[in-house]
Amino acid sequence: MNSKHPVIRLIEDIYSSRELIATLYDSEGEGVLDADDPSTKRQINKLSNLQLLISLHGDSYYLESDFTRLIDKGLRQDTISYLNSDVGNEIKKINHVFDIYHDARIKGQISIVRKNERELTKLFIAITQRFNATAEELFKRVQANYGKMDYGNDRARENKFYQDELEQLKESYHQVDKFLDAEVFQNDQLMINLSISYKGRTMGFFDKVSRTLTLLKEFAYRAREQEIRTEKLRALLDHIEMHPTDNFEDTENAVLQCPVFMQMSDRMKSTIKIRSYPNIDNDDFEEAYGEMIEKISVPSLSSEPFSREPSIAKDTDLIKRVREQSRADKLLITVLKQVISSNKPILASDALSDMDQMSMSLEYWLYFLRKNYSNNRRIGRRKIRAILNIVPILDIKEGYSGNAIMKNVVICPTSYSHQAINQYYHGKFDVK
Amino acid sequence: MSYKTEIVKKLLDAGVICVFAHHENYQRLVQDDDLLESVQNILASLDRKLIQSESGNAFFAVNAELNTDTKKEAKEYFRYLVKDARYYLDILEFFAESCQQDIYIQAGEKIQFSDLARSLTHSNSLQERLKRLLGNRADSDVSKMASRLLDDLVKSELLFLQDSQRLIYRFTGKLELIQQGLIFIVEQNRLGMEHTDPEDNLQKGLRV
């Protein structure tokens, strides 16, 4: 089996995500990627697994700083690492060109002098631009690092790297400065002019360097502050370990000095107390109040004078049920009397309509009859089962599953068998 | 629900709106002056005011007036924090050790589940710490214990899951408030300040 060298595999993985890397490199810091796009998602996953891509929040990502630096170095941009490592070569070049120029001037070789004059000017412009661009780049990166707002080991390491780079940059600048102070250059008008314009054009460099330094110091200060906080918190931990029962009761009275304690604790969420009355009439607050009032159940105060509406008695469901029950009770007694006196069956629905009790539903009346019958209810010390039979008439549909709807009930004397009922109703119902 | 309602609800619910966990709403409060004013007005009408944490990375609401009830509530909160102080400090020690850093972890810092599990696998002392933190919910499986702790912290809103694919968690601004409260206790009781007594320094100076 032909297995690839891991380095080749790594390079291939990076190569397959080249578009995403280029996009993020161009965005200089954080870039927003479309993670819904399958191709982008694949590339994100690949780079994340290689730990070359760092997720910020949502769809924002940035390239790992060492990886960015590697690209910077490879592209030989005017970046920190390139300038800082190459300033010696620049000086050597200036020195070399100056020597040729100086020699040619002594020898009166005008064309060589002019050619090297142009070359020296180019070199000075290049070195000026490099210092300015590097200072700008360094400032931007330090600013981005400062803005990330966390002080973990990674941030601290990155900050340290920028600190070192800044020192090196300053050192490179002074190296060029010192080089230009050489006596041999002081006697040459071209070099004097070039030095003056170089110093003039790099005025912005100092501004950028001092701003970078301020940010670096600020970061270091914040990191130091966190160190102090850690020391204090560790002191508290030590104290708690030594005095586990200390409740810091003396501090309790001072808590109002610390705004944190004026916030509601999580554990007190359930007892949120609002003592004021929200102004519901204010449109601006309306939406926000809606849910809040519901939650905190605070009665709202109206500016209108208090007036009370005359109370109207309304039937609640419970009252309706009690009334229905009482009517059904009366009807049952009437039906009982009727069945005993006539010794004939009667349909529950007929009994309901005959008694002009239409305000009661048939369903309830049937339910009432069945319930009283099955509960062995007594009326006048006699069980109703002993006086009458209650035979249900079921609505059996095709494909009977065992559950049938009771559509009516035959109330009949106990002497009536099912057959007799069927005969009485001429087979209208098939009572079984 | 409008942004304003969302923000006010969160604040009244003892919530913290921080740049890490509630990036959009935090930006709205910082950049939209009208929204900020509107939120402040609503809170003011409910006897609350909006406060920014020391670092400026988080917003939270506090009782605006000092009266018997609010003082009582503040003291109650203080007692809760004192009761939980040991737990929070153990959490800070645990994460400092797991990230191999000397300083305590703070709001905004990220924790990757795989890193945490790896650190736990290689460190017995870290495992012991975690077992102590979980109490009777400790398990022999390191990754189970790690997810239990992270879930607990997510529930208490100290942590939120930033990347569900790679299980990257991030500490919220609430951690800063808890640290602020604990440091207040330290400063009030002058804990750990025995060595920096100004009189001591003066004596040393005189001796020199």
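**Figure 1. Asn376(A), an exposed residue in a loop.** Let us start with a single residue: Asn376(A) counts as exposed because it has 10 C-beta neighbours inside 10 Å, and a residue with 12 or fewer falls in that class. This view, like those that follow, comes from a predicted model. Asn376(A) sits in the loop that links helix 15 (362-374) and strand 5 (378-379) of chain A. Look at its backbone too: although Asn376(A) is not a glycine, its phi is positive, about 60 degrees.

**Figure 2. Gln100(B), a residue with positive phi in chain B.** Here we move to the loop between helix 4 and strand 4 (110-112) of chain B, where Gln100(B) is found. Is Gln100(B) buried or exposed? With 9 other C-beta atoms within 10 Å, Gln100(B) is exposed. Its phi is near 55 degrees, which is a positive value in a residue other than glycine.

**Figure 3. Gly31(A) and its contacts in chain A.** Gly31(A) belongs to strand 1 (residues 31-32) of chain A. With 17 other C-beta atoms within 10 Å, Gly31(A) is partly exposed. Which residues does Gly31(A) contact, leaving aside its neighbours within four places in sequence? They are Thr23(A), Leu24(A), Tyr61(A) and Tyr62(A). Follow the chain from Gly31(A) to Tyr61(A) and you travel 30 residues, yet their C-alpha atoms are separated by 5.4 Å. For the wider setting, residues 24 or more positions apart account for 58% of the contacts in chain A with a separation of 6 or more. Chain A has 432 residues, of which 23% count as buried, and it contains 17 helices and eight strands.

**Figure 4. An open sheet of three strands in chain B.** The three strands of this open sheet are arranged in the order 1-3-2, with antiparallel pairing. Strand 1 and strand 2 (48-52) of chain B stand at the edges and each has a single partner strand, so one side of each is left without a neighbour in the sheet. Strand 2 of chain B is joined by five bridges to strand 3 (residues 58-63) of chain B, and the two run antiparallel. To find your way along this pair, look for Lys49(B), which stands opposite Val62(B) in strand 3 of chain B. A handy reminder: the strands of a sheet pair through backbone hydrogen bonds, either parallel or antiparallel.

**Figure 5. A hairpin in chain B.** Strand 5 (residues 159-163) and strand 6 (residues 168-171) of chain B run antiparallel and are joined by four bridges. Together they form a hairpin, with four residues between the strands. In the turn you will meet Leu167(B), whose phi is positive at about 50 degrees. On strand 5, pick out Phe160(B): its bridge partner in strand 6 of chain B is Arg170(B).

**Figure 6. The two faces of helix 6 in chain B.** Helix 6 (residues 124-134) of chain B has the buried residues Leu126(B), Arg129(B) and Leu130(B). Why do they line one face of the helix? Seen down the axis of helix 6 of chain B, these buried residues fall within an arc of 95 degrees, so they line one face. The face turned away from the buried side carries the exposed residues Asn124(B), Ser125(B), Glu128(B) and Arg132(B). Among the elements covering the buried residues of helix 6 are helix 4, helix 5 (113-122) and helix 7 (142-155) of chain B. After helix 6 of chain B comes Gly135(B), with a positive phi near 60 degrees.

**Figure 7. Inside the largest nonpolar core.** The largest nonpolar core has 68 residues. Those with the most contacts inside this core are Leu236(A), Ile17(B), Cys18(B) and Leu182(B). Helix 4 (residues 68-98) of chain B gives the largest share of the core, eleven residues. Now zoom in on Leu182(B): apart from its neighbours within four places in sequence, Leu182(B) is in contact with Leu233(A), Leu236(A), Ala85(B) and Tyr88(B).

**Figure 8. Confidence along chain B.** The mean pLDDT of chain B is 84, and 92% of its residues reach 70 or more. Among the elements of chain B, strand 1 (residues 17-18) has the highest mean pLDDT, 92, while helix 9 (residues 198-207) has the lowest, 41. Over residues 197-208 of chain B the pLDDT is below 50, and this stretch has zero contacts in the model beyond near neighbours in sequence.

Terms used: Residues are numbered from 1 along each chain as its sequence is written. Chains are lettered from A and ligands numbered from 1 in the order in which they are written. This is a predicted model: local features need pLDDT of at least 70, side-chain atom pairs count only at pLDDT 80 or more; totals for chains, interfaces and linings use all residues. pLDDT is the predictor's confidence in each residue, from 0 to 100. Two residues are in contact if their C-beta atoms, placed from the backbone, lie within 7 Å. A nonpolar core is a set of buried Ala, Val, Leu, Ile, Met, Phe, Trp, Tyr and Cys residues joined through C-beta atoms within 7 Å. A residue is buried if 20 or more other C-beta atoms lie within 10 Å of its own, exposed if 12 or fewer, and partly exposed in between; C-beta atoms are placed from the backbone. The arc is that of the directions from the helix axis to the C-beta atoms. Two strands pair if DSSP finds at least two bridges between them.
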